[in-house]
Structure formats: C-alpha cells, structure tokens
Amino acid sequence: MSENGPTFATDPRHAQVARELYAAARGLPLISPHGHVDPRVLADDEPFPDPARLLIVPDHYVTRMLLSQGIPPDRLGVPRRDGGPVETDGRAIWRLLAGNWHLFRGTPSRLWLERTFQTVFGVETPLSRDTADEVYDAIAARLAEPGFRPRALFERFGIEVLATTESPTDDLAQHAKLAADGWGGPGGRVISTFRPDNVVDLDRADWHDNIGVLGDLAGEDTATYAGYLTALRRRREAFIAAGATSSDHGHPTARTAKLSGEEAAAIYERGLRGEATAADAETFRAHMLLEFARMSIDDGLVMQLHPGAVRDHNGKLHAAHGQDVGGDIPQATDYVHALRPLLDAYGMDARLRVVVYTLDEHTFSRELAPLAGGYPALYLGAPWWFLDTPDAMRRFREAVTDAAGFYNTAGFVDDTRAFCSIPVRHDISRRVDAAYLASLVVQDRLPMDEAAQTLADLAYHLPKRIFRLDKAVT
Amino acid sequence: MSENGPTFATDPRHAQVARELYAAARGLPLISPHGHVDPRVLADDEPFPDPARLLIVPDHYVTRMLLSQGIPPDRLGVPRRDGGPVETDGRAIWRLLAGNWHLFRGTPSRLWLERTFQTVFGVETPLSRDTADEVYDAIAARLAEPGFRPRALFERFGIEVLATTESPTDDLAQHAKLAADGWGGPGGRVISTFRPDNVVDLDRADWHDNIGVLGDLAGEDTATYAGYLTALRRRREAFIAAGATSSDHGHPTARTAKLSGEEAAAIYERGLRGEATAADAETFRAHMLLEFARMSIDDGLVMQLHPGAVRDHNGKLHAAHGQDVGGDIPQATDYVHALRPLLDAYGMDARLRVVVYTLDEHTFSRELAPLAGGYPALYLGAPWWFLDTPDAMRRFREAVTDAAGFYNTAGFVDDTRAFCSIPVRHDISRRVDAAYLASLVVQDRLPMDEAAQTLADLAYHLPKRIFRLDKAVT
Amino acid sequence: MSENGPTFATDPRHAQVARELYAAARGLPLISPHGHVDPRVLADDEPFPDPARLLIVPDHYVTRMLLSQGIPPDRLGVPRRDGGPVETDGRAIWRLLAGNWHLFRGTPSRLWLERTFQTVFGVETPLSRDTADEVYDAIAARLAEPGFRPRALFERFGIEVLATTESPTDDLAQHAKLAADGWGGPGGRVISTFRPDNVVDLDRADWHDNIGVLGDLAGEDTATYAGYLTALRRRREAFIAAGATSSDHGHPTARTAKLSGEEAAAIYERGLRGEATAADAETFRAHMLLEFARMSIDDGLVMQLHPGAVRDHNGKLHAAHGQDVGGDIPQATDYVHALRPLLDAYGMDARLRVVVYTLDEHTFSRELAPLAGGYPALYLGAPWWFLDTPDAMRRFREAVTDAAGFYNTAGFVDDTRAFCSIPVRHDISRRVDAAYLASLVVQDRLPMDEAAQTLADLAYHLPKRIFRLDKAVT
C-alpha cells in the first residue's frame, strides 16, 4: 500500500486527478446515518477487548470467508446458541486469520483490515503467518491506551453524527445515557434509528412477545390493530426524542401494498391467533410500509428500505450460531412493480423521503435509477452489504448516474458493527467516488471545479441534508 | 469540453487511437432509421420557437430529472391534460434549468445539451445560473436566422435519411407534402415508419375508435378480423408509398405467439364486444407480431421490436400531463422464451429482418447476443432510451460483441423528438464506438484498418443496408 | 497481434505489470479437468483431417456466427441428421470462412483461431479472402507431419491431464485402450468424467433405452429404482477405474430437491411406464443431484453442475443437424433458492466438492459468489461457454472476487471439442487473470509477489487440488 492510499485508478493521469479531488474531500467530517454499532460501546466508553474480539469475531465478512474454506466459526470464537465451547484465545483466533490471509486477496475485507491496521492503529507491518503475533501485539498495545477508548476514537475519526439501529422494543436506555452525557438526543453526536421489523414480521417466532413489549413500552394495548398503530407512533416519538431522523426496514422483498384498515386489522388478528399464513405475513409487511410512509409524512422520519436478503440461507450455521453471522444470501429483487403502490400513494409528495438500497445490483440501471430520477420522494441508497466494495461502488456510479445523476443518491452509509472500520470505509468510499468523478474529468465530461463540489456533496452535504441531519426532527 | 470533443477514453494512447478512428467516420452522412421528429417540422419548415420550447419542454429526460428534485412539470411548461395553466415564459423555464444545472452532472442530458449549444448553435459559454440569460439570448438569436430553419439544419447536419413514426390511423398528409416538395416518398430524405400499436392493443381505451379510423383510411371493414388484417396490409402499402422501410412495435413484453386464424378472430371479436381480458390483449399482441412478420416477408418492411417499458408508472404524472413525459420505467424482460414462437416460424428466413431493442441491459450478453448470433433473421438494435448513453453504449459493445460480433448489430438510432440533438447523438455514438474499437486496437486484438472499416460500417453502411435504405422498398 | 500476444490491458503500465505476471505462469503445465475431446483422437493417435474439418466444421461458435448471416451449416460441412448431402470440400469450407472473416472481428473465435494458427501451426499470415488458400495449405502441410499427431501435440502443449466426458452408457473402451498404452487410468494423462444426464432425464426420447444399456453395462436390473441407483454406483466405480475424478451434470435449471426413497421410486416407475410428466422429470433431476452428492461423499467424485441452457432453441437447426451445433441459448437462472436443498443437506460437508457454472453472468455477484464464499462444499466454476471470453472472464473476476476471493474459484476449464485450441484457451485465460491481478497491483491493492503466487494457483495448483487431480481417487 503506497503512502497515500489507493486511488482506484490504473492510468497515471486518471490517478493523479483522482488524488487531487480526494484531497479536497479528505478533511470533511463523517456522517454515518445508517449503522449497527452497539450504542453501549459509546455510552460506557470502556476500552475495547483484544484485537481478535474487536476485529475478527464480530465481522461476518471475515468469518464466512474462513468458513467457506472449512474453518468453522467455533474456532474463530463465534458464540454458539447452545452456549457450547468456542475458541476464547484471541491470539489463537488471530493466528488462524493470519495463516489464511491469502484467502482475502483482492477482497474488501483485506482492504478494510489493512487500512484499519495502518490508519487507526499505526501498524504498517504486513499481516502474514510470520507476523501474526507482531501485529496482534502492536494493536493490543494501542487498545490499552486511553486515546483508543471509543469516545476518543469517535472524535479522532472526525465523526459528526453516528446513527445506531434499535427496535421499538428497545427501551433506548443507552441513548438516554448518551444524552445525559451530552452525546445523544436530537441533534446529538450519537442518535438512534427506528427499525420495526421484529414487530412487523408476523411469521417470526417471537412476534407475539415483541408486540407485548412494544405495548408495554408505549403504554398502549397492542391486542388490537388500532392500538398497535398507536404504539408504533408513540415509539417513533420516543426515537425522535433519542435523536432519530430515520426508520429502517429490512424486508425479504420490496413489496408494498395498500390495504384498507379492515383488511389490515383482519390479518393482524389472524397473527394474534397464530393463524397468519406466510402470504399474510408478506402482505402485512407490504401494507405496513405504506403505513410507515404515512407516519413519516407526519413526523418527518426518513424511510430506509433494504429488501432482498434470503435470511439464514445457511441453515446449519443459523442453527449453531444464530443470525447475522454470514449466512444471508442476496436474491433477485423487483422494484418496479413492488414499489408502485407506495409511489402511487406518496411518491410525488416531497415531504416524504424514501432511501432504497438493494443487494441486486442489476436493478441499478434498469429500475432504481429511473425510479429515483423520476419520483421526488425517492433516493438511491449507497451500494450496500455485498456491494459496499470499491469495484461495486464504481459499478453503482456507472449504472445510476445516467438516469439519476448524483443528486438523487443519498451518500455513503457504512452499515457496520465494526466501529474501528468506520473511517476506513468512508475514506474508501470517498476515494472511489473521486476516481469516478476523475474519470469524467479526464474524459472532458465534467470540469474540475464541479467535480470537486460534487465529491464534497456526496461525502458530506448530501447525506446530511437527505437524512435530515442538518436540523433535529421535531 | 476540449476543442475536439470527448473521446470516452481515459488512457492517453487509447484516447489517441479513438481520435484517429473517429476522424475517419466523422464525415459520413447520418442515417436515422428510427425517431420521433414531428414530420410537420420539416413539411412546414417554420422557424423553431424559443430555446426553452425547443430544447427543454419536450425533453422528458430533462423534465423528469427536475421533477425528481421537486420541480413540477407545470413550472417547466409541460402542457396539462386539463388545459390548466403552465409556465409560458421560455426565459423563466430556461432559468429554472440553469439554476438546477448541477443535477445533470455526469448525465447524457448534459452532454447532449452542451454539445448542442456548442456544435449546433456555436454557443461556447458554459451554462450556469449566472449565464442563463446570455446562453438563452444567443440561442434565440440564432433561431431567428434563416439558416436555422428545419430544412437548412437538416442539410447542414448531413442527414441522408430521417424516418419519422406514424400510426396506421395517420393519413400521412405531412409525408405527402414532403413528397410534393421532393423531400419524401420512397428513397426520399424524410420517410415514415409503420407503428400499429394503437390498433393492436385491445386494452387501450381508444382501440375501438382507432380500428374505425383504420378501416376508413384503408377502405376496409374492420368489423371482422379478416377485414382488419386486410386493412393493415393496405395501410402498410400506403406507408411504403410514403417511403417507409420498417415497422415498429412497442409492447410491454417480448411475447410472441402463433394462434390459428380462428383463435385470433375469436379474441378480436371479444375485443369488438368490449369483452377482451388483459390476457386476451397480451395474447393478441403476441399473435400479431407473427402476423406482422408474415406481412414483412411479403412486403419487405423491417420489423423493429422494443418491449420492456412499464408505461405511465407514475400515475399522478400521467393523470396531469399524459403520456411520454418521463413516467415510463423499464422492467426485467425475457427474450429467450418470448421470441421463440416467432423465431421457430421465421427466424431462419433471411427474407425477414427483425431488429430487437431492450430496456433491460442484462439480456444483452445472456439472451440477445446469442440469439442474434444464431438466427439469420435477427439483428440487435442500438442501446436505446435509458441505454443510449456513452457508458451504456460501451457496455452494450462489451456485452454483445463476443456472441454477436459487430455485423449482427443494426447501428445507431437516435430515437428522438429533439431534432436539434440528432447530429450530437450520432456524433457521440460514433465516438463511443471508436473508443470501443480503439480498445481492441491497443490490446492487439484488431488491426487499425479493420477497426476503421468496422466503425464506418457501424456508423453508416450497416444501418443503411439492414433497414433497407439502400434501395426503396417497392 | 504483437509478438508477445495480447495483454488485455490498455494502459501501458498496467500492460507491463500484466506481462510480468503472465511470464511467471506461462510455463506451468495445463490442467484440463472439463472438456469434450473425443478420447478416440488420443487412443488412436491418427493424423487430423484437413484444416476445415479440424477447425471449422465441429466448432459451433464459428458455424452459428456464419449461420446468423445466412450461410447454412450444409455449406460448412455440418452433417445432416437425414444423411443428406453437405459440403465435403475442406478448401471450399475454408474459403467461406475467410470470405466472411470480418464477421468475427472482436470475437473470441477470431482470437482463438488466430492464436491457433500462429502458436500451434506457426502460420503468421493474417487470414483474409485473399490469403485463404495460403493459410489452408500451410496448416494442411503441418497436419501431415508426425509432430502434429494428437499425442505429439498433447506433449508439446504441456498438458498434464485431460478429462474427457462420457455417459454411464459408454463402455469406456477408448479409455481402456489409453490405459493399456500407459496414457489413461487413475492418475493418468487422459481420464474420463461421469456425465449421467442421458440416464437421468426422464423426458428424453431415448431414456428407456439408455437405462437398459446402463443396466447391461453395470450388471444390474434397472427395472427398479433401487437397481437403477446400484447400477449408477457400479458405473461410477468403472469411471473411477478409468481415472475419473469428477461427475458432470447439465440440467435446464439448478433445481435440487430432497425426496424420500418412496417418492423418487414412484416417479421412476412413472418414467418406466412412460407416464412421467415434465414436472416429474424436473423433480427427478433435482432429486438425483442430491443422490449424486451423497454418492460423491462416498466415492470422492467432484460434482460439476452447469445449468441454464435452453437446449435446441433453434428448432429448425436441430431438426436438420441435431444437437451441439450452436442452437442452444442461455436463460436467466436462479441459484439461491434452487441450490438450497442440496446445500442444506451437504453444503457444510467438506468431503463434498461442488463446482457450479453458469450461463447467466448476472448471478455471479448476486448469488454465486456469496454462496461460494459461505459454504465449504461450494466452488465457482470458470466462466463457461458463452462466457469463456476475455471480457467475460474479466467481468467474472470483477464480480466474484469481493465475496468469494480467488480461492473459492476452481480455475479455468476449456470445455472444448477443439483439441488444437486447448493451449490457446488456457493461455488467454492466464493472460486475462494476469491482467486482473495486475490491475490490483497498479492500484496498490495487492503486492506483486502475492499476485504472482495467486496467478500460479489459478492457472495450475487450484484446479489440480479442487478437482482431486493431485492424487487418484481410490
């Protein structure tokens, strides 16, 4: 890795222009409107554990790659649902990674980890089987320093605002603690995001329990559909009080549907009686997106939709280790028909903002860019999850700019649990966008000054404005 | 923009070879076998209106992008169906565009407009909020000159032949006027294209009226299916007399079907009685493609198919402003199964020429190139509509050349209502093809002389031959 | 073509690094674990016929392109099913190719043929209408030399192992002859591959006959489902004795299914009675993939799956000339749902190796790379058939490396009937991978030494290990 970091350009002239553009955006604060950092990390501000437990164990990109070559998650310290024994020695886990480092050649995981070692921990030694202990010890030594506690890093990283993600069944106690410390609440540095999936999916085993908690926290009776809707509105108010400016919805498909209140109530009641079918659950999810859009028009929360994952495709992995450990797989996703009921109802209403993500990159040019370039309410979310890589981010710009331009895209989201990788991920995103803009400059398709302004907008101003982080939602 | 225009190459050596190739094709006449210029423009040869009404109001690429950021079509002068008031001040519309010019960074609309300002109107001042009036006045001044009347521009643009598009319910009076002036008719400069969608779609509200007009113009009784077929054949003869060498079919899907005459007649009769279902309409469209293919084998019209648009996806936009104002969205499209009945019947018949377009670029390498590279009757149409952009045109060549080569592709079509953008669009297409061919040259995959010959074929000789413009159809 | 061959890079620095990487892999032996060379060619070691019958007549990439421009297969010497007359003069066929050589500009066929002329036959004269006879005569002269017999070429090509493909209804006599000559058998230079499609597809007209032959060769009674399974196991043993290390399965879809023995037997019996439906046939194919996976866990054969072709799409071509003459077309293919039953059952079992190919490149980033990067049993096969081209191979690496890295990919397969093109195809694959790796090097994303090691792994070590060619299966 050269001193200045990768330019994501092969031609020297292109690389030089990319470097100049990037230099102008490098110092802008980080806006992180969508992520999965545990708010307790910042509320408690305790030192991080060892390098393996910080950087490997919770990173399912890393553990799934090792699994694909026959290294089971147990040996990597990934907790088992049955509480059975897993590796607990951070150094042993680290050596497993180092001994299989070749598996990550060319992958974003390698890039993120190497850049984290270098730019966050100042460790320049390339990782290998031979240097495993040296790198581990160097990072561990840093983690013991006060300057590597979460809040110190937060400030050093230049994060202006970080959104975490919670369910309406969460009591938001961590965010209350942050607010009490002057770190949270409306307009604060750490804010929440309203993610109601676990009270919307009728076919979850814990749905019945979840709506009970929802009712308790909201002080509403969720035994009726009307009470359920009221409870959701109450919780949205609580989230807004915890600084939230957006909601987040992760459905299997992008389907939206407009049901009458009676139809919706009937499905809800079948859910209560344990009689809802899979089709009921899908219809109810589709309907609730319209309900949430209506609530958003009232309370101002930006809606984020990210459909398209087959959750827990790897059944044995899920049985042993639970969710979010690398067993989800993307599937082909339709947007043009699925979003039509939502867009028919509210797509022309500029009070609504819907940010749509995808795991199916082939919808970018065919469906999502034409939709975002034609409806005032719709914005394109950043390439996400399997697509948040240098090459996929470049393909995203190449696919969407024709029909959507830059200003219907909502900026980068890091979407990460890995706090220490946040500056690295934003940095790579800025470099990739710089490379794309530089390609337009060297092709005489955009003047340098407009390219620089666009990069600053993509990196900072656009996400701040679109996610309503320029002012607290009230 | 450099003096010589963009090369669509980043590497200097690649750009240099692209420039050399382009130079050889630059002077070839323009062949425009598929477009939507109003023939009245050339029949009447009146001066164009103001710059906004010429370049913005009718360009749905431009108005939809502005709409996507909350600027309603009313403020851009797009007529309302209810006749309600819209902006009529061309300068005010122009200022709205200029004030939002950043939305178009990186888009083909910006490239087309800038190149039109420069190469058609000689206006080099970059458009911005500050220069809006200066650019407007400069273009307006030119539009008042005799050299900027339509026929003068037609000759200056180097257009050899321009096809407009009419329904069989059109009386072709404009084309008769053009023929009387020595501009139209078989082998003429301005010819028609036979587009029968509005008499084929049983589910159109105006279908019944349309087949009445069809019968009147053809002197046939369309109250029977047999009469309907005869009327279509009569109108094709009239179109051929107006210079047409091709038909054009814009269906929601690519489905083709072979019905018996009795089956087709039964559906037609249900249509007459107002009893046709949506499935009937789809089947009838599919069947009629085989009927039109049979007619083509008899009368020589080249068939153009362009399926895959969800028309009027934006319901509120359609309700307010009607069709063709930017509310259509592409959808995933199957060709491999849908075209099979047509190809089974006539795909090996070299008397037939079918040019297929798509809005779903993911079918290029998977379906369309293998089909065009395996059936004598099938040709690949140019990347079209949302795909007629520099980057999508490059992706088209990268996707189809492996299985279809260059000689199963039918050359560029501008598909435009915007007369003044015609030379710019052809110029960009030639530059992009030059860049693609240059990439083969610098990779030692094609010698320079063959690349130059190929570019001339793509730009001129192939579309002229494939669309049968090298001789009048008789 | 420059002296050193194409680098598949446009930027000079990128090309230079690609050249350096390629130089290190150039001398590695060829591993060909999946192909369709007739074993008789090597068993008999007779001289090849004339250039046209060697290089054109059996190459459906070439004959379909000529057909697409109206040159019927009869004129190219492709045999007719009815035994009717076809062109027999090799020189006449060759002249047809040369006279239409422009059709192949930019295609892989041109690259393969030119490189074959140059590097196998030492003929540097560019092919054209004018040089047709000169090139023909030069190649014909070489074919008459002893050094151009199949076994001599095999050794000159540096092939370490070549797998042919046979049905369980094949008696493997050619492989027995090769083994007797010291060329075949376990660990030998020429080995077989077990491809049971013709005894699995209930809807084939010859299925009933085929299972009869299967039973006879295995000494089992295939009149029962149990006997059928035993017969398959017996034939797998015979194939392993003929050196096979893998099986190969070419289904219309990727569907897998887990039936009970009773359910499977019931379908089989409907097949025996001629009562199986198309749905039965699809379910039986899906079920048998799980059965074959279970057998693979027992006997060690690597499973290869390559779904997604619509066979004999061109009905008239099939009626006249039969199968494998260029009439197959790819279709959209689902893997994420289709493979789930197989992966649920055996995806975490590292004893199993499943190599999956596709004709639908849009599944690479969306489905196949995430699957291969998450299941120990799954490997990504090389880009194949319509996708075994320089540009598609580059797109493959760009699409899959993010989620699967390099080490879940199984290396290049030439998949060819054209023996003389084998070294050329492998050479191009190595050059394309070198160019991809070089792009990572010049972007500072991978050090040179790791890139060189990766290229050697992709070219040689990975396919050797994954296809279990490093030791005979016993």
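**Exercise 1: two helices crossing**

In which hand does α5(B) pass α7(B), and how do the two helices lie to one another?

*Solution.* Keep in mind that you're looking at a predicted model.

Step 1. Look at the crossing: α5(B) goes past α7(B) in a right-handed way.

Step 2. Now get the geometry. Helix α5 of chain B covers residues 90-99 and helix α7 of chain B covers residues 132-143. They pack at an angle of about 130 degrees, and their axes are 9 Å apart.

Step 3. Put a word to that angle: α5(B) is oblique to α7(B) because of it.

**Exercise 2: who touches whom**

Which residues of α5(B) and α7(B) meet?

*Solution.* Step 1. On the α5(B) side, pick out B:G90, B:R91, B:W94, B:R95 and B:A98.

Step 2. Their partners in α7(B) are B:A132, B:D133, B:V135, B:Y136, B:D137 and B:I139.

Step 3. Sort this helix contact by class, and you get 6 nonpolar, 1 polar and 4 charged residues.

**Exercise 3: chain C against chain A**

How much area do chain C and chain A bury between them, and which residues of chain C lose the most?

*Solution.* Step 1. Count the players: chain C brings 45 residues to the contact and chain A brings 44.

Step 2. Take the area. The two chains bury about 3,800 Å² between them, with 49% of it on carbon and sulfur atoms.

Step 3. Find the top losers in chain C: C:R366, C:D402 and C:R445, which together make up 19% of what that side buries.

Step 4. Check the charges. There are 4 salt bridges between chain C and chain A. One of them joins the side chains of C:R366 and A:D360, at 3.2 Å from N to O.

Terms used:
Residues numbered from 1 in each chain as written. Chains lettered and ligands numbered in written order. Predicted model: local features only at pLDDT ≥ 70, side-chain atom pairs only at ≥ 80, totals over all residues. Heavy atoms only, no water. Axes fitted to C-alpha atoms, helices over the stretch in contact; angles between N-to-C directions. Helix = DSSP H or I, 4+ residues; strand = E, 2+ residues; numbered from the N terminus. Parallel < 35°, antiparallel > 145°, perpendicular 65-115°, else oblique. Left-handed = near helix turned anticlockwise from the far one by under 90°. Contact = heavy atoms within 4.5 Å. Nonpolar A, V, L, I, M, F, W, Y, C, P; charged D, E, K, R; others polar. Buried area = accessible area lost by both parts, 1.4 Å probe.
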